[in-house]
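Colleague: I would like a close look at one part of this model, the nonpolar core and its aromatic rings. Please take it step by step, for someone new to structures.

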Amino acid sequence: MPMLKVKTKVIMDSGKEYLFNEYPEDFLKRFYDEETGKIRPGFIHGPGFSISVEHISSIKDIEEMDSNGREIKKLKVLWENEIDPGTDK
């Protein structure tokens, strides 16, 4: 039976990419305040690295389906950091 795996790809404003083994919605809850629509400043720590949430450019979810040794990937943009031209952030 095929097994669906969902991962989160984080792309920084420098172009560097990080992959997290969690649902994108759960990842967003770490730093995004839905009520205000603003980023809560801070760092997200992974194995051997830390990233500043203020430098995240976009978050994409990746679905990988394993089926008889074949892998199908689907990538969609979940969130993109829109910079307010009137501010630095």
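Modeller: Let us begin with the whole chain. Of the contacts with a separation of 6 or more, 44% join residues 24 or more positions apart. Keep in mind that this is a predicted model. The chain has 89 residues, and 29% of them are buried. Its secondary structure comes to one helix and eight strands. Along the sequence, the order is β-β-α-β-β-β-β-β-β. The chain exposes about 6,500 Å², and carbon and sulfur atoms supply 49% of that area.

Now the core. In soluble globular proteins, nonpolar side chains tend to be buried together. Here the largest nonpolar core has twelve residues. Three of its members are written with the letter V or M in the sequence: Val-10, Met-12 and Val-53, among others. The aromatic members are Tyr-18, Phe-20, Phe-27 and Phe-31. Leu-28 belongs to the core too, as do Ile-44, Ile-51, Ile-56 and Ile-59. Which elements give two or more residues to this core? They are strand S1 (3–12), strand S2 (17–20), helix H1 (24–29) and strand S7 (56–67).

Next, the rings. A pair of aromatic rings is described by the distance of the centres and the angle of the planes. The structure holds four aromatic pairs. Take Phe-20 and Phe-27. Their ring centres are 4.7 Å apart and their planes stand at 45°, so this pair is tilted. Both residues are buried. Now move on to Phe-27 and Phe-31. Here the centres are 5.8 Å apart and the planes stand at 75°, so this pair is edge-to-face. Why edge-to-face? The label applies to planes over 60 degrees apart, and 75° is the angle here, so the label fits. Phe-27 takes part in both of these pairs. Its relative accessible area is 0%, so Phe-27 counts as buried. Phe-31 has a relative accessible area of 1%, so Phe-31 is buried as well. Ring pairs link Tyr-18, Phe-20, Phe-27, Phe-31 and Phe-49 into a cluster.

Thr-8 touches this region. This residue lies in strand S1. Thr-8 is buried, with a relative accessible area of 0%. Its side chain reaches the backbone oxygen of Glu-22 at 2.7 Å. Leaving aside neighbours within four places in sequence, what is Thr-8 in contact with? The list includes Tyr-18, Phe-20, Phe-27 and Ile-59, and those four are also members of the core. Leu-19, Glu-22, Tyr-23, Pro-24 and Lys-60 are in contact with Thr-8 too.

Compare Tyr-32. This residue is found in strand S3 (residues 32–33). Is Tyr-32 buried or partly exposed? At 24% relative accessibility, Tyr-32 counts as partly exposed. The cut-off for buried is under 20%. Tyr-32 and the core residue Val-53 are 21 residues apart along the chain, and their C-alpha atoms are separated by 9.1 Å.

Last, a hairpin. Strand S5 (residues 43–46) holds the position of Ile-44, and strand S6 (residues 49–52) holds those of Phe-49 and Ile-51. The two strands pair in the antiparallel sense over four bridges. His-45 stands opposite Ser-50 in S6. Two residues lie between the strands, and Gly-48 in the turn has a positive phi of about 85°. The hairpin ties back to the rest: Ile-44 and Ile-51 belong to the core, while Phe-49 belongs to the ring cluster.

Key. Residues are numbered from 1 along each chain as its sequence is written. This is a predicted model: local features need pLDDT of at least 70, side-chain atom pairs count only at pLDDT 80 or more; totals for chains, interfaces and linings use all residues. Side-chain values use heavy atoms; hydrogens and water are left out. A nonpolar core is a set of buried Ala, Val, Leu, Ile, Met, Phe, Trp, Tyr and Cys residues joined through side-chain atoms within 4.5 Å. Buried means under 20% relative accessible area, exposed over 50%, partly exposed in between (1.4 Å probe, protein chains only). Rings of Phe, Tyr and Trp (its six-membered ring) pair if their centres lie within 6.5 Å; planes under 30 degrees apart count as stacked, over 60 as edge-to-face and the rest as tilted. A polar contact is a pair of N or O atoms within 3.5 Å; within protein, one must be able to donate a hydrogen and the other to accept it, and residues adjacent in sequence count only if both atoms are side-chain atoms. Contact means heavy atoms within 4.5 Å. Accessible areas come from the Shrake-Rupley method with a 1.4 Å probe; for residues, only the protein chains shown count as cover. Two strands pair if DSSP finds at least two bridges between them.
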